[in-house]
Amino acid sequence: MALFKPMDNIDESNEKPVPEGKMEKTRCLIIGSGPAGYTAAIYASRANLNPIVYQGLEPGGQLTTTTEVENFPGYPEGITGPEMMEDFRKQAERIGADIRFGMATSADFSAKPYKVVIDGNKTVEADTVIIATGATAKYLGLESEQKYRGQGVSACATCDGFFYRGKDVAVVGGGDTAAEEATYLAGICKKVYLIIRKDYMRASKAMQARVDRTENLKVLYEHVTKEVLGDDSGVNGVLLQNNKENKEVKIDVDGFFVAIGHKPNSDIFKEFIEMDETGYINTIPGTSKTNVEGVFACGDVQDNHYRQAITAAGSGCMAALDAEKYLGEQE
Ligand code: NDP
């Protein structure tokens with residue numbers, strides 16, 4: 001997730017931190033490399049905006065942590081998330097996008113051209129900025145959960161499930177992600193517990209049916225995670241509160257997968273860009289325009305409803321078209 005890192009040297013003209021190092025100018029800066037960022041890059045390149053794309057911490061975005069994608073049109077046999085994002089990247093690059101490693105660490109939209117700091121040590125000045133920074137997995141916030149991150153606690157079954165082959169694991173969450181991760185893990189692990197705090201699952205009916213069909217998957221409704229248990233070698237159990245029977249229960253598991261939703265990666269834009277209370281960027285309905293002219297948002301950072309690769313890609317297209325139109329009006 002992007003973090004704001006204040007720098008020591010201050011530009012006295014606007015009292016904003018300006019890092020040392022190279023300053024570069026572009027007509028179109030795209031921040032993020034999921035379906036939204038890459039699609040924006042494809043359209044912006046074809047419109048001769050010569051976009052620069054900074055990929056962020058997770059090049060390819062959240063889809064690189066998925067296995068099979070079956071619902072993106074154009075892949076009749078399905079495709080894995082990482083392969084699909086590699087296709088997006090290659091297509092954007094072939095058309096001319098300048099795609100780079102690097103993460104936006106702060107932004108200043110108080111005056112034009114807008115300034116975005118990359119990796120805390122380089123500033124890009126941009127006539128238009130397309131924010132496509134996506135969202136990041138949420139954690140429960142337990143101390144023990146943080147303690148065992150990377151030692152049995154994970155937010156990505158498809159990344160880490162392999163390590164739990166033949167073992168017992170737990171997944172927390174009742175949405176589509178949790179149901180998908182639990183069924184995926186059931187194909188690898190001996191037994192999977194799905195921990196749901198309510199007495200029902202929020203996941204789609206189709207996903208619930210898959211959960212129900214999976215024999216080695218046990219759903220624990222009305223259970224709340226109190227503690228992740230472990231020792232020097234990592235996680236060895238989870239302490240739960242069974243709210244239905246009002247008692248504590250301990251389950252023995254080697255892995256604990258958190259699948260409780262996401263937080264939009266918008267922190268560094270907070271000072272300038274209007275967002276809702278959870279940090280999703282507000283765009284003018286039917287457009288990708290933010291409250292700052294010339295700054296556009298697309299993909300999961302501005303969508304807390306659909307959150308699909310195809311809708312993210314569509315909104316990336318909108319952002320590039322909006323940026324092109326804006327630049328045309330300025331010139
Ligand atoms: P959701 O927000 O839909 O679900 C989050 C789940 O986590 C809910 O069950 C919620 O419980 C639970 N939760 C949240 N906080 C806590 C907590 N502190 N302790 C315990 N449980 C908690 O997120 P998803 O990531 O599942 O899905 C996001 C979107 O992506 C959805 O629109 C979904 O449909 C879509 N999606 C689609 C897929 C597909 O079509 N293949 C695959 C994956 C996602 P509660 O219900 O009690 O609030």
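This passage describes selected helix, loop and surface features of a predicted model.

Among the surface features, a patch of negative charge is formed where Glu68, Glu70, Glu83 and Asp87 gather. One of these residues, Asp87, belongs to helix H2, which spans residues 81-95, and its relative accessibility of 31% places Asp87 in the partly exposed class.

A buried position is found in helix H1, which comprises residues 35-46 and includes Ser45. Ser45 counts as buried because its relative accessibility is 7%, a value to be read against the limit of under 20% that defines burial. When neighbours within four places in sequence are set aside, the contacts of Ser45 are with Pro51, Ala92, Ile95, Gly96 and Ala97; of the residues so contacted, Ala92 and Ile95 fall within the range 81-95 of helix H2.

The backbone also has several notable points in its loops. The peptide bond that leads from Lys112 to Pro113 is cis, with omega near -10°, and Pro113 itself is placed in the loop between strand E8 (104-108) and strand E9 (114-118).

Positive phi values are found at two residues that are not glycines, namely Glu222, with a phi of about 55°, and Asn246, with a phi of about 50°. Glu222 sits in the loop that links strand E15 (217-221) and strand E16 (223-231), and with a relative accessible area of 21% Glu222 is partly exposed. Asn246, in turn, is located in the loop between strand E17 (234-242) and strand E18 (247-251), where its relative accessible area of 63% makes Asn246 an exposed residue.

Notes: Residues numbered from 1 in each chain as written. Predicted model: local features only at pLDDT ≥ 70, side-chain atom pairs only at ≥ 80, totals over all residues. Heavy atoms only, no water. Patch = residues over 30% accessible without salt bridge, like charges linked within 9 Å, V, L, I, M, F, W, Y side chains within 5 Å. Areas by Shrake-Rupley, 256 points an atom, 1.4 Å probe, with all protein chains shown as cover. Salt bridge = Lys/Arg side-chain N within 4 Å of Asp/Glu carboxyl O. Lys, Arg positive; Asp, Glu negative; His and termini not counted. Charge placed at Lys NZ, Arg CZ, Asp CG, Glu CD. Helix = DSSP H or I, 4+ residues; strand = E, 2+ residues; numbered from the N terminus. Buried < 20%, exposed > 50% of the residue type's maximum accessible area, 1.4 Å probe, protein only. Contact = heavy atoms within 4.5 Å.
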